[in-house]
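Open the structure in your viewer and follow along. The tour starts with the whole chain and ends at a single residue.

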Amino acid sequence: MSDFFPAHIRDYGKPTETIQTVREHCRNTAYLAGEAAECIGLKNTAYLTGLIHDAGKYTDAYRCYLQKAVAGEKVVRGSVNHTFACVRLMMEAYHNNNPSIIERWASEMIACAAASHHALFDAVDETHRSGLRYRAGAEGIDAESAVKEFLLRCCPKNELDELFSKSTQELAQKFMQIAKNTQNYSKTIPASVTKNEANIANQRFYHFSIAMLVRFLSSCVIEGDRSDTAAFEANASAKEENIPSKEYWQQALLRLENRLKELGSLSSVTPIAKARSYISDACSEFADYPSAIYRFNAPTGGGKTLSTLRYALRHAALYKKKRIFYIAPFISIIEQNADEIRRAVGENVAVLEHHSNVFQDVNDNEELTPNALFESNWHAPIVVTTQVQLINTLFSAKTSSVRRFQALADSIIILDEVQSLPVQLTHPFNLAMNFLSEFCSCSVLLCSATLPTLDRLPFPMNIAEQTPIHLDPAMREVFRRTRIMDKGELSQDELFAFVKEQLSKSDSLLVVCNKKKQAEELFAEIKGMVPVCCHLSSKMCVAHRRNVIAQLKKELSDNRQKDISSKHKIVCISTQVIEAGVDISFETVIRFRAGMDSIIQSAGRCNRNSESDEPANVYVVAPQGETLGKLDTIEKGKQASEELFYELDDKDPATDAAIKSYYKKYYNKFPKNSLDCPLRHGDTSMMDLLTINLSFATKQYTDIYPNDCLRQAFKTAGSEYSIFDDSFSVLVPYCEGEELIAEITNASVGYDFLSLKALLKRTTPYCISVFPWQLEELMQKGAVYRPSEHSPLYVLAPGWYDKQTGLSANAADFTEV
């Protein structure tokens, strides 16, 4: 039957005006969604979910709304509901008439995923309301009429029944797998755990996989919906993803291996070159292993980036993987390694770099602007992105993040510096990685010189026993550039004296402090004693820090070329901002006691390029009376390191065995459920909300709806979790920052969206982040102001930014890192 209900209209009022019917759009979305889900065995389920997603557009009200919108009349976005009808369709057809348990599960999961294509919602919310039943029973939105027209014009009931039957068969296989995994997990629960606690843990483990399946279906539908909409608006045809061929990956691998030969990594005969060659070859051979989660305990200087890329390219060719992800915690590492990867694979391989300096996510209300329609879906052969972007893709409630989730399936994920994962997110992250490995055929490589024991936690990551490299003691010694020594607790006078003593013995010294205030005070004490003394902390904007690091590198390089009599002293007093992604080398390093991962990261800035044939000294000191306040994770790491040093009694703290012992002590210091990602508001966690949701799905609720299956609070979990504490950007008057302040003060910019967006992009390197309480204090002092009511940024007033240390010490109490 013909369909005269429009889903989209292009070129309204012009001779080229074209209507895309609801049937056309739903069928196209279904096809694209099904293709995206085929690799995990849910092709029919995703097809059905995509097919029903816009059933609510089969109303006269929506047709009128759309015609007014494209004609330029003012309409209220979302004033005509079109997302609830698909829930009514599924619930009435397959849920409400005593179906089997698998049919109840399937109907709820499909309905939830379809109705979430513009915004996630809670299956059970904080008011103890069923999100599905609320949508199925909503009045005044013509849902009943829409369902009738959908079955008449888009998909007849017999076809819907056949699709649902196939979907239940697909999902039944997934439920069998989840049940088996849960049974295996239950065997790992210690006997000391009470029966009730063990039951709750088993339920959470089980229901987390279901939450991930719903998210994956939502992701496929959103990808299909956005891609088809964009194609229609561009007068093009939406096409399924173009998967790289085996030959594509082989050609990229050949270019990489040629690049390695050019660098001499495969032909040199020096001990370190031979060790790097072994690591590279071992990674290549390891590509034969099937998809799983693996450890790669990479020594600093071992050529990790290109060795893991060699593994990934060969593994992708052997197992026909869709793409390769390289994930790192810091943008500085991302930018550096993205360039290295591009040079290695050549210009014929597309490398997508996705982080806050390159892409901007759509705004919070998820408006489908042209930029949003074409926003990255991570459909590139190689994606280089940050830990934050990956975490948001796994858990954020923003549909722009959910959309990218489907791209992770059947891929290779290299997690660099995995020890920097926010500790509070550990359990949800572990289970999400398990889901990607076991349900989505992902191969995951955990890379770190200090690998955390993620497989020994209450909700463990299922890490395989095999590992790419096995370094014998002699080969490990090749990479041994430092010796770490704990000097114990020192008073302030003793600390200053020790710094001066080490400075007298070394031409270059790095001191890494836990707090900004410590760094600033020590810098003030030392700067007049040496020709070159630099300060680094997040009180300085990124551009400022980059300039200081560039200056330090030049000074260090020039100093090494001089004869002994001409050399001068070079000192850097820093916080942990120097610990990763900064390729710099000092003769000696002093690290204020913190976690072993941070200590070893600091050690990576010492004798980095083997300037000394003998291991250089890295001293760990504990400032007497140090209070870390809100820096709880640093405090716990510091305590665990102190216990480790006591236990080792001067033995090497950087061995694999020592690191395992450290992490056992570290994780044991966290209270119960603190690794479950506690939310900012309310006494609950992401783990609870994405599983059995005891906070919202109370006994009273389950008594009322005993046959309802989904309980997850998808929206709340994705909106309320926090990777980092809330902060505000403040534009500072450093170099070009002064000119940008003058530009942004121009009130007219507030009305020009494109100019404002371009301007904000330019301000990024000249901004610092402050916490809400710090912002309030700064504003009270007149140090920070808003240049106009339209300004999206705060601005630091003149006189409050120091050319050496950044934000003035008088501005606010900055005690954090």
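Helices here are DSSP runs of H or I with at least four residues, and strands are E runs of at least two, numbered from the N terminus. This is a predicted model.

**Whole chain.** Show the protein chain as a cartoon. By that count there are 30 helices and 20 strands. The radius of gyration is 28 Å, close to the 28 Å that the globule rule gives for 817 residues, so the protein chain is as compact as a globular protein of that length. Now align the view to the principal axes. The C-alpha atoms fill a box of roughly 90 × 60 × 55 Å.

**Contacts.** Take the contacts between residues at least 6 apart in sequence. Of these, 78% join residues at least 24 apart.

**Surface.** Switch on the surface of the protein chain. About 34,500 Å² is exposed, and carbon and sulfur atoms supply 49% of that area. Of the 817 residues, 56% count as buried.

**Charges.** Colour by charge next. The protein chain has 90 positive and 102 negative charges. Their mean positions lie 2 Å apart.

**Arg593.** Select strand 13 (588–592) and helix 22 (596–603). Arg593 is in the loop between them. Is Arg593 buried or exposed? Its relative accessible area is 5%, under the 20% cut-off, so Arg593 is buried.

Now show what surrounds Arg593, leaving aside its neighbours within four places in sequence. Arg593 is in contact with two acidic residues, Asp486 and Glu642. Add Lys638 and Ser641, which also contact Arg593. Then select Val620, Val621 and Ala622. Gly488 and Asn514 complete the list of contacts.

How values were computed: Residues numbered from 1 in each chain as written. Predicted model: local features only at pLDDT ≥ 70, side-chain atom pairs only at ≥ 80, totals over all residues. Heavy atoms only, no water. Rg over C-alpha atoms; globule rule 2.2 N^0.38 Å. Buried < 20%, exposed > 50% of the residue type's maximum accessible area, 1.4 Å probe, protein only. Contact = heavy atoms within 4.5 Å. Areas by Shrake-Rupley, 256 points an atom, 1.4 Å probe, with all protein chains shown as cover. Lys, Arg positive; Asp, Glu negative; His and termini not counted. Charge placed at Lys NZ, Arg CZ, Asp CG, Glu CD.
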